[in-house]
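I opened this model to see what sits inside, what sits outside, and which side chains meet. Here are my notes, entry by entry.

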Amino acid sequence: MYTTDTSSIKTKQLVILSMFSAIIILMAATPIGFIHLGFVKATIIHIPVTVGSIILGPKMGAMLGFVFGASSLITNTISPVISSFVFSPLIPVPGTSSGSPWALLICFIPRILVGVIPWYVYRLLNKLVKDIRLNFISLAVAAVAGSATNTLLVTHLIYFLFKKEYAIARGVAENAVYKVITSIIIGNGIPEAVVAAIVTTLVCKTLFVVLNKNQ
């Protein structure tokens, strides 16, 4: 039997889960999910997943990651761009008349892990860094880990699963695909990680106070 305090905590967690799910869907469906940094567009859709992972734990974080993946699947299916075939099995792969089920792997696995890995990184660093005044370091590093999980897994899965097809879509030689991947990691991944570290730290600090979490 749950106590009143336990029930209250569960209710707060479900409210936060619903709130972040709505935010993820809103970001995926509108330009809100992207921040223009001049020469690149940094996505921030993974940030609610990372925050949810740290605040709610890996199970609910994985749920948020699934919502992220589902939103990506729907968006790339309804409003496809040149690389949408790597995120939706309903978009034909270049050179063929049908999509690939491997797209589901790219669409969901990295995003689900974004909801899991930050929690473990945060917990580990909190054990190593005893000074509560340095708690922001744990939050920032966990956020960078979440962002890197998304960027590195998505780009490398594209490389290993759709190297030839991606080369055709981008109009580059097959042996130049990893250079394109590297440019995405550097040009988009680094700014996204920096933005994630700042926003996640600020949001988590605020939520910890609101939820009376003992840090």
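Entry 1, rings. I am working from a predicted model, and I began with the aromatic side chains. I found Tyr159, Phe160 and Tyr178 joined into a cluster by ring pairs. Then I looked up the total, and the count of aromatic pairs comes to six. I picked out Trp119 and Tyr120 and asked how their rings are placed. The ring centres are 4.9 Å apart and the planes stand at 90°, so I wrote this pair down as edge-to-face. I also checked how open Tyr120 is: its relative accessibility is 48%, so I call Tyr120 partly exposed.

Entry 2, a charge over a ring. Which ring does the charged end of Arg111 sit over? I looked, and the ring belongs to Phe68, with the charged end 4.6 Å from the ring centre.

Entry 3, the cores. Next I went for the nonpolar interior. The largest nonpolar core has 28 residues. Ile24, Val51, Ile54, Ile55, Cys204 and Phe208 have the most contacts inside this core. I wanted to know which helices feed it, and at least two residues each come from helix 1 (4–29), helix 2 (46–56), helix 3 (58–78), helix 6 (135–170) and helix 7. There is also a second, separate core of 18 residues, including Tyr159, Tyr166, Ala169 and Val177. I noted Tyr159 twice, since this residue is also part of the ring cluster from my opening entry. A reminder to myself from class: nonpolar side chains tend to be buried together in soluble globular proteins.

Entry 4, helix 2. How many residues of helix 2 are buried? I went along the helix and got 11 of the 11, so the rest of the structure largely encloses helix 2. Among the buried ones are His46, Pro48, Thr50, Gly52 and Ser53, along with Val51, Ile54 and Ile55, and I had just met those last three as well-connected members of the largest core. Just after helix 2 comes Gly57, and I noted that its phi is positive, near 100°.

Entry 5, helix 7. Ile186 lies in helix 7, which covers residues 177–210. I found a nonpolar surface patch of about 550 Å², made by Ile186, Ile190, Val194, Ile198, Val199 and Leu202. Val194 is in helix 7 as well. Its relative accessible area is 46%, so I put Val194 down as partly exposed. Ser147 is 47 residues from Val194 along the chain, and their C-alpha atoms are separated by 8.9 Å. Is Thr200 buried or exposed? Thr200 also belongs to helix 7, but its relative accessible area is 0%, so I marked Thr200 as buried. From Thr200 to Leu64 I count 136 residues in sequence and 15 Å in space, C-alpha to C-alpha.

Entry 6, two more spot checks. Phe85 is in the loop between helix 3 and helix 4 (102–114). I did not skip this loop residue: Phe85 has a relative accessible area of 2%, so Phe85 is buried. Leu104 is 19 residues from Phe85 along the chain, with 10.0 Å between the C-alpha atoms. Leu14, in helix 1, is partly exposed, with a relative accessible area of 47%. I compared Leu14 with Leu152: they are 138 residues apart in sequence and 30 Å apart in space, C-alpha to C-alpha.

Note on methods. Residues are numbered from 1 along each chain as its sequence is written. This is a predicted model: local features need pLDDT of at least 70, side-chain atom pairs count only at pLDDT 80 or more; totals for chains, interfaces and linings use all residues. Side-chain values use heavy atoms; hydrogens and water are left out. Rings of Phe, Tyr and Trp (its six-membered ring) pair if their centres lie within 6.5 Å; planes under 30 degrees apart count as stacked, over 60 as edge-to-face and the rest as tilted. Buried means under 20% relative accessible area, exposed over 50%, partly exposed in between (1.4 Å probe, protein chains only). A charge sits over a ring if NZ of Lys or CZ of Arg is within 6 Å of the ring centre and within 35 degrees of the ring normal. Patches are made of residues with over 30% relative accessible area and no salt bridge: like charges are joined within 9 Å, nonpolar side chains (Val, Leu, Ile, Met, Phe, Trp, Tyr) within 5 Å. Accessible areas come from the Shrake-Rupley method with a 1.4 Å probe; for residues, only the protein chains shown count as cover. A salt bridge is a side-chain nitrogen of Lys or Arg within 4 Å of a carboxyl oxygen of Asp or Glu. A nonpolar core is a set of buried Ala, Val, Leu, Ile, Met, Phe, Trp, Tyr and Cys residues joined through side-chain atoms within 4.5 Å.
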